[in-house]
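Below are some notes for a colleague who is opening this structure for the first time. They take up a pair of helices and then the surroundings of the ligand.

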Amino acid sequence: MRRIHIASLFAAGSLALLSSCDIQAQAKERSYGLAGEYRFDKSNTIYLEDLPTGTDGSLLGALEMLCGTPAQPQFLLLEDWVDDGYDPNYPDYPEGDMGSGEITEDEWAHIEEDNARVFAVQLRAIAAGEYDRVVPFRGAPGLQAKWDELFAEAMGDEDGDGAPDFIVEESPNPPDYIAIDSEEVFREEAALLLTSWYPRLSDSAELYRLECLHCHGTEGAGDGSTAPFLHPAPRNYQPGWFKWAAVENKTKPRRVDLYNVISEGSYTSAMPNFKRFSRAQIHGLVDYVRLLAIRGETERLLALELDGGEYLTSELISETYAGVWEQWNGADEKVVHCEGDVPEPTAELLARGRELYMDANGGNCFSCHGDQGLGDGASAWEDVDGVSQRIVDDWGEEIIPRDLTSGIFRGGRRPIDIYRRIAIGITGTPMPAVPDTLTEEDRWAIVHYVLSLSDVHDGLGLDSMRMRADHADHGHEDQATEGH
Ligand code: HEC
Ligand code: HEC
């Protein structure tokens, strides 16, 4: 079993250390609040203030039981999970062995390799015995605590001879026995601590607090302090809707979908890319975004039950939570695949694409994107009480159909990415899926036509900056897109 010795050595001490290591944080960030406003779609919103009095406390209590606090985020284990040895708090441990097994052996090898790269400076310092050059681990309090503890244990000078002892007490359980009885063993353990690191949810919550919270907010409601200045707005994760995923409209994203968008960013929106983070860190952020989304979705559904006159019994709470989890765990079945190869963009295919783009019963794209693709079609506005206004998305934000000549494709610009946008529409936005009557070839015709609109307009030199431009090398083989 990989890493078990490290884990068990520190399991006892780490909880106490974790909660004490971040004293500067703002009070508000130490606890999660309630959203107060629960959107189901554009026209259906429930408000907390309209729910029976006393609801706040019980809702908050239920959510804390299920998902913990920002300092100690943690998924409550369902009974079945305990029986099956399944634990989504540990995606890096095998399923059946108190993990969820979501990090595959292959991915684990990539993570270790990447850890070695990211921690190269520290690893060199450890190898050279210059332990004071091991700089603090930013945004990873759990790792910091483990390092500090390992260091303190190893560097103790119990015998008072002025030199570190490099001896730790023997654990009473032989299988977990580890003795740092030489500097060499210490170095090995210290290096292993770094190369085999996978962030716990509390580490990722801290990284999120430092890097994401000012946009996405403490609870992930998209309401951080920077958010009012941004358009498009930072995603509100709470309804569990993600736009740039390969799954059917409004279904939960796969890990790889979230991984890609965090790693690559959303081109020309305020959502930066986080390529500078290690794979382990990005996976940890996926875990944490999922926690916030599951917490938010559970809150929303419980608010709906309360609105319907139900009481928050423990059965209702755990059923609702289990239902949300089921959807997240079923994401792989919702992937939009396509058979065969991408056809060549022949002149005939492009002409067919143009025809469908302009056909109200075909693609009907022109109605929003305009006949030149500039995003100025008539349906980009709607009439509200006699006033013409921008259309809005399901989060309640104004939204502008993309200028398709700009070359901006936030969900990726590979043909398969555009294919998916067309086949499923864009989750949470007014952009619909194309009708079922369109054949596979029709869809590819539209894809190629769309791509051709920006091919001729690259005066801004966007090519060099384009996100995810032919980005197949991030090692995240997306099974559904192989061959495209
Ligand atoms: C400066 C503001 C900003 C910061 C910082 C930021 N984001 Fe975002 N994020 C956005 C915006 C804006 C969007 C919406 C982009 C869009 O609609 O294309 C977004 C969207 C997302 C999405 C949803 C993508 C989808 O498919 O719907 C995820 C997930 C996400 N961000 C995660 C993160 C994480 C994790 C961090 C921190 C490591 C982070 N963001 C930091 C602004 C930000
Ligand atoms: C009801 C209006 C509407 C219709 C009809 C519509 N779109 Fe869109 N489309 C939008 C909006 C709004 C966005 C912006 C979404 C965003 O930025 O989150 C968009 C974005 C896009 C994008 C950018 C995707 C990305 O990765 O950034 C493409 C490509 C696109 N549309 C193609 C099409 C095509 C092709 C059709 C016809 C098959 C079509 N749209 C029909 C409203 C529409």
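1. Contact, as the word is used for the helix pair below, means heavy atoms within 4.5 Å. The model is a predicted one, and the remarks that follow should be read with that in mind.

2. In helix H6, the residues Pro141, Gly142 and Leu143 meet Ser202, Asp203 and Glu206 of helix H8. Sorted by class, this contact of H6 with H8 is made up of 2 nonpolar, 2 polar and 2 charged residues.

3. Two packed helices are described by the angle between their axes and the distance between the axes. For H6, which covers residues 141–155, and H8, which covers residues 201–211, the angle is about 120° and the axes lie 7 Å apart. Because angles from 65 to 115 degrees count as roughly perpendicular and those over 145 as roughly antiparallel, H6 is described as oblique to H8.

4. Turning to the ligand, 26 residues surround ligand 1, and the closest of them are Cys212, Cys215, His216, Ser266 and Met271. By class, this shell holds 18 nonpolar, 4 polar and 4 charged residues. Helix H9 (213–216), helix H10 (255–264) and helix H11 (279–307) each contribute at least two residues to the shell around ligand 1.

5. Which atoms of ligand 1 lie 2.8 Å from a polar side-chain atom of His216, and which from a polar backbone atom of Lys243? For His216, the partner is a nitrogen atom of ligand 1, while for Lys243 the partner is an oxygen atom of the ligand. An oxygen atom of ligand 1 also lies 2.6 Å from a polar side-chain atom of Ser266.

Conventions:
Residues numbered from 1 in each chain as written. Chains lettered and ligands numbered in written order. Predicted model: local features only at pLDDT ≥ 70, side-chain atom pairs only at ≥ 80, totals over all residues. Heavy atoms only, no water. Near = heavy atom within 4 Å. Polar contact = N/O pair within 3.5 Å; in protein donor to acceptor, adjacent residues only side chain to side chain. Helix = DSSP H or I, 4+ residues; strand = E, 2+ residues; numbered from the N terminus. Nonpolar A, V, L, I, M, F, W, Y, C, P; charged D, E, K, R; others polar. Axes fitted to C-alpha atoms, helices over the stretch in contact; angles between N-to-C directions. Parallel < 35°, antiparallel > 145°, perpendicular 65-115°, else oblique.
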